[in-house]
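Got your viewer open? Load the model, set it to cartoon, and let's walk through it one selection at a time.

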Amino acid sequence: MKPFLMAMALWGGTHAAGAAAQDLVLINANVVNVTDGSIVEGASVIVRGGVITSIRSGAPPATPGVRTVDVGGMYVAPGLMDAHVHVQSEDQARRALLSGVTTMRGMGASHYADVGLRELGRAGHVQMPEYLAAGYHVRPPAAEEFFQDHPELGAYFGSEIRGVEAVRAMTRAIVSRGVDFVKTNATERAGLPNTDPRKQFYTEGELRAIVEVAEAAGIGVAAHAHGDAGGRAAVSAGVRSIEHGTYLSEATLTLMQEKGTYLVPTIAIVRDLTIPGGDYDNAVLNIRGRHMLPRVQETVRNAHRIGVTLVAATDTGYGPNSTTTLAHELLELVDVGLTPLEALRAATTNAAALFGMSDRVGSLDEGMEGDMIVLERNPLENIGVVQDVLMVVSDGEVIVQRGDWPGERPIS
Ligand SMILES: [Zn+2]
């Protein structure tokens with residue numbers, strides 16, 4: 001949610017017009033503690049001003065005037081966190097929220113649409129997940145839109161952003177627009193027919209220059225990398241996360257484990273390449289996806305064994321034809337050997353750590369934001385239930401309620 005609402009909740013003030021943080025009591029809930037894997041049974045969860053003030057077994061203390069929802073023994077888990085999205089509009093952001101995502105990290109948007117959306121959400125004008133923005137990818141063929149937004153760097157238009165001086169200039173320009181992360185492409189993309197996803201884009205020296213500019217502004221770098229050489233260079237240069245990581249070797253994964261670099265593998269979207277419809281529907285990509293999928297699965301299996309911290313993400317735009325949700329990525333992670341609890345952590349506590357937000361989101365505890373999803377059954381027994389989110393709560397506000405509920409439906 002919105003940091004300024006946290007501040008208001010702490011001093012107990014009223015909320016700004018349009019702001020969403022609310023008071024809410026859930027009763028008769030089985031609360032999933034993703035930190036230790038326990039379940040608080042028959043619990044009451046009290047949210048005040050968007051922040052959880054109490055989770056305890058049994059009935060809550062009297063909270064007159066506060067909306068109370070009987071969860072009927074269903075399971076309450078932290079709101080999901082999607083670490084790699086391409087959301088550029090309110091309707092895309094809304095679909096993410098309705099799927100149970102209450103925090104997401106943009107990994108590329110034109111014209112700083114992600115920065116603008118983030119601000120609209122923060123001010124309470126758009127009901128959407130909390131959004132971390134990245135703006136443009138720092139990559140050798142920069143997007144034409146980048147030069148439209150930054151004509152001061154027009155000298156590079158038509159040529160490539162290569163060399164330490166050029167990558168510094170581009171990174172500085174992006175950082176100046178208030179992004180939360182810098183996204184760079186250490187290797188070519190996979191989702192275009194005429195690219196070679198193994199091909200390295202940037203040297204370690206160029207990547208280090210990007211990291212230095214970002215770190216001077218107090219933010220981290222996320223490096224898209226499929227191939228091992230580019231991925232290794234990015235890890236050595238000090239990026240905070242590798243996105244995709246399809247062909248990473250055990251040596252590179254071991255380096256990631258040593259340096260604390262996160263892996264955001266996006267398996268489900270690689271599967272999307274192989275099936276009709278969805279975000280990708282193209283013959284060349286279909287053929288490519290069928291040989292990439294077993295490789296990224298193998299890499300995640302190795303990363304899990306080596307102890308690299310895994311973070312879940314969709315790499316989708318949550319568009320009207322998208323068929324990938326974060327639940328599908330959790331199913332993929334369990335499929336390659338994570339326990340359901342480990343998969344849930346990839347979408348909650350691990351993501352919060354990557355985002356630097358562990359003190360306020362990712363787990364359900366007193367003092368944490370009231371970002372929650374309600375599931376029919378225990379996700380620690382069957383992660384598949386996360387596909388069917390029956391209620392989404394963001395900052396204590398009930399966003400959607402689906403299915404059969406005991407008693408009166410409390411929302412309009
Ligand atoms: Zn992406």
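In which hand, left or right, does α8 cross α10? To find out, select residues 250–259 for α8 and 283–306 for α10. This is a predicted model, so keep that in mind as you go. Look along the pair and you'll see that α8 passes α10 in a right-handed crossing. The two axes come within 10 Å and cross at roughly 40 degrees, so the helices are oblique to each other.

Now turn on side chains at the contact. From α8, pick Glu-250, Leu-253, Thr-254 and Gln-257; from α10, pick Asn-302, Ala-303 and Ile-306. Colour the contact by residue type and you get three nonpolar residues, three polar ones and one charged.

**Next stop: a small sheet order to trace**

Hide the helices and select β6 (80–85), β7 (residues 101–106) and β8 (130–132). These strands make an open sheet with parallel pairing, in the order β6-β7-β8. β6 and β8 are the edge strands with a single partner each, so each has one side without a neighbour in the sheet. Tilt the view to see the twist, which averages 20 degrees from one strand to the next.

Which residue of β7 is the bridge partner of Met-81? Zoom in on the β6–β7 pairing, where the two strands are joined in parallel over four bridges. The residue to label is Thr-103, which partners Met-81.

Bring back one helix here: α3, residues 113–122. α3 lies across β7 and β8, and runs at about 150 degrees to β8.

**Then: follow Val-76**

Select β5 (residues 75–78) together with β1 (residues 24–32). These two run parallel and are joined by two bridges. Label Val-31 and you'll find it opposite Val-76 in β5.

Keep Val-76 on screen and add β14, residues 372–375. This time the pairing with β5 is antiparallel, over four bridges. What stands opposite Val-76 in β14? Val-374 does.

**Last: zoom out**

Show everything again. The protein's secondary structure adds up to 13 helices and 16 strands. The radius of gyration is 21 Å, close to the 22 Å that the globule rule gives for 412 residues, so the protein is as compact as a globular protein of that length. Spin the C-alpha trace onto its principal axes and the spans come to about 65 × 45 × 40 Å.

Definitions and conventions
Residues are numbered from 1 along each chain as its sequence is written. This is a predicted model: local features need pLDDT of at least 70, side-chain atom pairs count only at pLDDT 80 or more; totals for chains, interfaces and linings use all residues. Axes are lines fitted to C-alpha atoms, for helices over the stretch in contact, and angles run from 0 to 180 degrees between N-to-C directions. Angles under 35 degrees count as roughly parallel, over 145 as roughly antiparallel, 65 to 115 as roughly perpendicular and the rest as oblique. A crossing is left-handed if the near helix is turned anticlockwise from the far one by less than a right angle, and right-handed if clockwise. Two residues are in contact if their C-beta atoms, placed from the backbone, lie within 7 Å. Ala, Val, Leu, Ile, Met, Phe, Trp, Tyr, Cys and Pro count as nonpolar, Asp, Glu, Lys and Arg as charged, and the others, Gly among them, as polar. Two strands pair if DSSP finds at least two bridges between them. The radius of gyration is taken over C-alpha atoms; the globule rule is 2.2 Å times the number of residues to the power 0.38.
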